[in-house]
Amino acid sequence: MTLSESNLDAANKNDIYGIPMWSQEKIDRFRETLLSWYDLEKRDLPWRKNNDPYRIWVSEIMLQQTRVDTVIPYYLNFMNTFPTIEALAQAHEDILLKAWEGLGYYSRVRNLQFAAQQIMNDYNGEMPTDPKEISKLKGIGPYTTGAISSMAFGLPEPAVDGNVMRVLSRLFEIDADIAKPGNRKIFEAIMRELIDPYKPGDFNQAFMDLGSSICTPKNYHPELSPVKEFNQSYQNGTWEKYPVKSKKKKAKPVYYIGAIIKNSSGAFLLEKRPENGLLANMWTFPMIEEEIVIQETGIAHGTLTQIDDEEQTEQVVKKVMAELEKNYKIKPTLMEAPFAEVQHIFSHLKWFIAVYYGQLRAEEFIDIPENCYWVMPSDFDQYVFPGPQTKMWQSYLTKFDH
DNA sequence: GAGACGTGGGT
DNA sequence: TACCCAAGTCT
């Protein structure tokens, strides 16, 4: 222990991880100020109609890394389709995934159903009320445990999300990097001191409403905050330093050939993705990962559509044909042009897809793999498509459907 | 603890 | 264009 650390310890026994905690009187005034603001300004959201733990649970899972405006229509449809925990537990996976299509982070909905089955089997169909039990449910981590405990059951549990860390780091001038998972415990400890024991659910939600309306990541105006008198970084003029947040890694580029192949009946070849990993169990046109050669010639990956060298074009087409024959047992007539390039950015990957279009004759589309189907466009809505697939289909419609 | 895991919106 | 962001969790 350094001298300065021992001085800090000696200076204030109420420190939390070196951060001086307010007096009880100040904490009381803060609670009252924040909750009064929340009573006036709280948003009218569909999952705030009552304290039903199922409704709160579903909303919290949907809201993970996802905006309120995006969630609302999905939420209304989801509660309509699966009105009870039992209905959710019994749903067929494709129906379930369809209800989540376009929301992203699809393991959320698989975990949601798994947890519903846990509740049916282990908790007699009712969400447990003990935070320790709640956190045993699949897909429910420390944040969601706190959210359900406080909002549905009135327990004084912290629900520390990005909003709470941002607001707290400005209130207390906290230098801990909020992008580091290990630092969450600092903010939880502070929230345990601050949280209102009588209205813990409102208190937690007030932090989130404050974080999404006034205490925003950008265009932050601390002078507009209802709790500005408690805001140490505002009082000290240091608010632009907070929160401290390290940068994310850049998405890694990956290159594909996408093959939109139509047979003589007008159906298109779709392939179901593996049951684990990225976009699990969703449907796409055949995709061939590119590791090509073209890089060596100096032409960058991702600019496949701009190849004007005939030799290189021929090389790519040859490879596409070979892969389609090997993996899908088809020998389509590929169209020379037009073809498109589709880009899609995930959190950790950036896909570049050069899309080729091809046609088959009647006798050639029998022997495709088990995880593939020929599907008419009028039936596409029965298949769960991820973003890149939708973009590939749009590229086709733009070029051929008029 | 770092990386995997989606998507759409804003600057 | 290329970032950053939005109510995280799992491995």
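How many residues surround DNA strand B, and which are the closest? In this predicted model, DNA strand B is surrounded by 21 residues, and R67, Y105, Y106, L279 and S347 are the closest of them. Of the strand atoms that come within 4 Å of the protein, 57% belong to sugar and phosphate.

A look at individual contacts adds detail to this picture. The side chain of R67 places an N or O atom 2.6 Å from a base nitrogen of DNA strand B. R67 is also one of the closest residues to the strand. The phosphates are met by backbone atoms: an N or O atom in the backbone of L279 is 2.8 Å from a phosphate oxygen of DNA strand B, and for a backbone N or O atom of L278 the corresponding distance to a phosphate oxygen is 3.3 Å.

In terms of secondary structure, the surface near DNA strand B receives at least two residues each from β6 (340-345) and α15 (387-400). By residue class, this surface comprises 10 polar, 9 nonpolar and 2 charged residues.

Turning to the space inside the protein, the search of the whole structure returned 1 cavity of 30 Å³ or more. The largest cavity holds about 50 Å³ of space. Its lining consists of V167, R170, L171, L210, C215, Y220, S225, V227 and N231. Helix α10 (residues 162-172) is the main contributor to this lining, giving 3 residues. The lining of the largest cavity is made up of 6 nonpolar, 2 polar and 1 charged residue.

Conventions: Residues are numbered from 1 along each chain as its sequence is written. Chains are lettered from A and ligands numbered from 1 in the order in which they are written. This is a predicted model: local features need pLDDT of at least 70, side-chain atom pairs count only at pLDDT 80 or more; totals for chains, interfaces and linings use all residues. Side-chain values use heavy atoms; hydrogens and water are left out. A residue is near a molecule or strand if one of its heavy atoms lies within 4 Å of it. A polar contact is a pair of N or O atoms within 3.5 Å; within protein, one must be able to donate a hydrogen and the other to accept it, and residues adjacent in sequence count only if both atoms are side-chain atoms. Helices (H or I, at least four residues) and strands (E, at least two) are DSSP runs, numbered from the N terminus. Ala, Val, Leu, Ile, Met, Phe, Trp, Tyr, Cys and Pro count as nonpolar, Asp, Glu, Lys and Arg as charged, and the others, Gly among them, as polar. On a 1 Å grid over the protein atoms alone, a cavity is a set of points where a 1.4 Å probe fits but cannot get out, and a pocket is an open set with protein on both sides within 12 Å along at least five of seven lines; lining residues have an atom within 4 Å of a point. Grid points are joined across faces, edges and corners, and a volume is the space filled by probe spheres set on the points.
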